[in-house]
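Visitor: I am new to this structure. Please take me through a close look at one part, step by step.

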Amino acid sequence: MREVDTIQQAGKSGRAPEQTFEETKYLKRLIEAATPVRVKLADGEEVVGTIEYYDHSFIRLTRKGQANLFIFKHDIKYLLEET
């Protein structure tokens, strides 16, 4: 039996898992600590606030003195913790 066949039979496909749950852990930590974040959107706009809620499609960003935002995750280029 070839080594490749043995690996596949053992349930190891050699691909990375589709879900690591690291995003969930990170977002929970940001929410619990009320960490201010800067969100850079795909169109170049940046918004600052704290994440109050998230699900698989979007985050809710709470901002002081401005309207709260629901931001779709596919529109987020990156997210940075504010210092």
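Guide: What follows is a walk from the overall layout to the largest pocket, and then to a group of aromatic rings.

The model is predicted. Its chain holds 2 helices and 5 strands. Reading from the N terminus, the order is α-α-β-β-β-β-β. The chain has 83 residues, and 20% of them count as buried.

Start with the strands. E1 covers residues 36–41, and E2 covers residues 46–54. The two run antiparallel and are joined by 5 bridges. One of the partners is easy to find: Pro 36 is bridged to Thr 50 in E2. Between E1 and E2 the hairpin has 4 residues. There, Gly 44 takes a positive phi near 100°.

E1 has another partner, strand E5, at residues 76–81. This pairing is also antiparallel, with 5 bridges. Look at Arg 38 here: Leu 80 in E5 is its bridge partner. In a regular strand, side chains alternate between the two faces of the sheet.

Now to the pocket. Rolling a probe the size of a water molecule over the atoms shows where empty space is left. The largest pocket holds about 150 Å³ of space. Its lining includes the run Gln 19, Thr 20, Phe 21, Glu 22, Glu 23 and Thr 24. Leu 27 is there as well. So are Tyr 54, Asp 55 and His 56, and Lys 73 completes the list. Which element gives the largest share of this lining? It is helix H2, residues 22–33, with 4 residues. By type, the lining divides into 3 nonpolar, 4 polar and 4 charged residues.

Stay with His 56, one of the lining residues. It sits in the loop between E2 and strand E3, which spans 58–62. Is His 56 buried or exposed? Its relative accessibility is 73%, so His 56 counts as exposed. The cut-off for exposed is over 50%. His 56 also has a polar contact: its side chain meets that of Ser 57 at 3.1 Å. Glu 23 is another lining residue. In sequence, Glu 23 and His 56 are 33 residues apart. In space, their C-alpha atoms are 9.9 Å apart.

Next come the rings. A pair of aromatic rings is described by the distance of the centres and the angle of the planes. How many aromatic pairs does a search of the whole structure find? The search finds 2. One of them joins Tyr 53 and Phe 58, with ring centres 6.0 Å apart. Their planes meet at 45°, so this pair is tilted. Tyr 53 is partly exposed, at 41% relative accessible area. Phe 58 is buried, at 18%. The cut-off for buried is under 20%, so Phe 58 falls within it.

Phe 58 also pairs with Phe 70. Here the centres are 5.3 Å apart and the planes stand at 75°, so the pair is edge-to-face. Phe 58 belongs to strand E3, while Phe 70 belongs to strand E4, residues 69–72. The pair therefore ties together parts that are 12 residues apart in sequence. Phe 70 is exposed, with a relative accessible area of 56%.

Put the rings together: Tyr 53, Phe 58 and Phe 70 make up one aromatic cluster. Within it, Phe 58 is buried, Tyr 53 is partly exposed, and Phe 70 is exposed.

How values were computed. Residues are numbered from 1 along each chain as its sequence is written. This is a predicted model: local features need pLDDT of at least 70, side-chain atom pairs count only at pLDDT 80 or more; totals for chains, interfaces and linings use all residues. Side-chain values use heavy atoms; hydrogens and water are left out. On a 1 Å grid over the protein atoms alone, a cavity is a set of points where a 1.4 Å probe fits but cannot get out, and a pocket is an open set with protein on both sides within 12 Å along at least five of seven lines; lining residues have an atom within 4 Å of a point. Grid points are joined across faces, edges and corners, and a volume is the space filled by probe spheres set on the points. Ala, Val, Leu, Ile, Met, Phe, Trp, Tyr, Cys and Pro count as nonpolar, Asp, Glu, Lys and Arg as charged, and the others, Gly among them, as polar. Two strands pair if DSSP finds at least two bridges between them. Buried means under 20% relative accessible area, exposed over 50%, partly exposed in between (1.4 Å probe, protein chains only). A polar contact is a pair of N or O atoms within 3.5 Å; within protein, one must be able to donate a hydrogen and the other to accept it, and residues adjacent in sequence count only if both atoms are side-chain atoms. Rings of Phe, Tyr and Trp (its six-membered ring) pair if their centres lie within 6.5 Å; planes under 30 degrees apart count as stacked, over 60 as edge-to-face and the rest as tilted.
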